Amino acid sequence: DDGQPVPPGTAGWIHARPDPATTFQGYYKNPSATAKKYSSDGWLIMGDMGHLDEDGFLYIDGRDSETIVLVSGDNVYPNEVEGAIA
């Protein structure tokens with residue numbers, strides 16, 4: 001929760017170093033919402049929890065919230081997408 005790395009096997013928030021050419025740069029005309037998605041040192045806060053194993057592989061353990069993704073006007077929930085591709 002403090003943005004510091006955790007040891008292997010310990011769950012923590014997943015952060016990613018954004019690439020300006022391919023990664024979310026912010027919400028349109030909403031700097032306060034954008035600020036909540038980035039750490040003070042520029043890492044993108046993914047909203048997912050995960051842990052690394054001893055070999056450095058990342059495992060996603062859960063989400064901060066069940067975000068609704070709008071596709072062609074339909075509400076699609078992440079667990080529905082995961083179930084379809086599993």
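This tour moves from the whole chain to its largest pocket.

The model is predicted, so local features require pLDDT of at least 70 and side-chain atom pairs count only at pLDDT 80 or more, while totals for chains, interfaces and linings use all residues. Residues are numbered from 1 along each chain as its sequence is written, and side-chain values use heavy atoms, without hydrogens and water.

First, display the chain as a cartoon. Two helices and five strands are present, in the order β-α-β-β-β-β-α from the N terminus. Helices (H or I, at least four residues) and strands (E, at least two) are DSSP runs, numbered from the N terminus.

Next, show the surface. The chain exposes about 6800 Å², of which carbon and sulfur atoms supply 56%; this area comes from the Shrake-Rupley method with a 1.4 Å probe. Of the 86 residues, 12% are buried, meaning under 20% relative accessible area (1.4 Å probe, protein chains only).

Now select Gly3, Gln4, Pro5, Trp13 and His15. The largest pocket holds about 660 Å³ of space, and these five are the closest to its centre among its 24 lining residues. A pocket is an open set of points on a 1 Å grid over the protein atoms alone, where a 1.4 Å probe fits, with protein on both sides within 12 Å along at least five of seven lines; lining residues have an atom within 4 Å of a point. The volume is the space filled by probe spheres set on the points.

Finally, select strands E1 (12-16) and E2 (44-52), each of which supplies at least two lining residues. E2 gives the largest share, five residues.

Key: Buried < 20%, exposed > 50% of the residue type's maximum accessible area, 1.4 Å probe, protein only.
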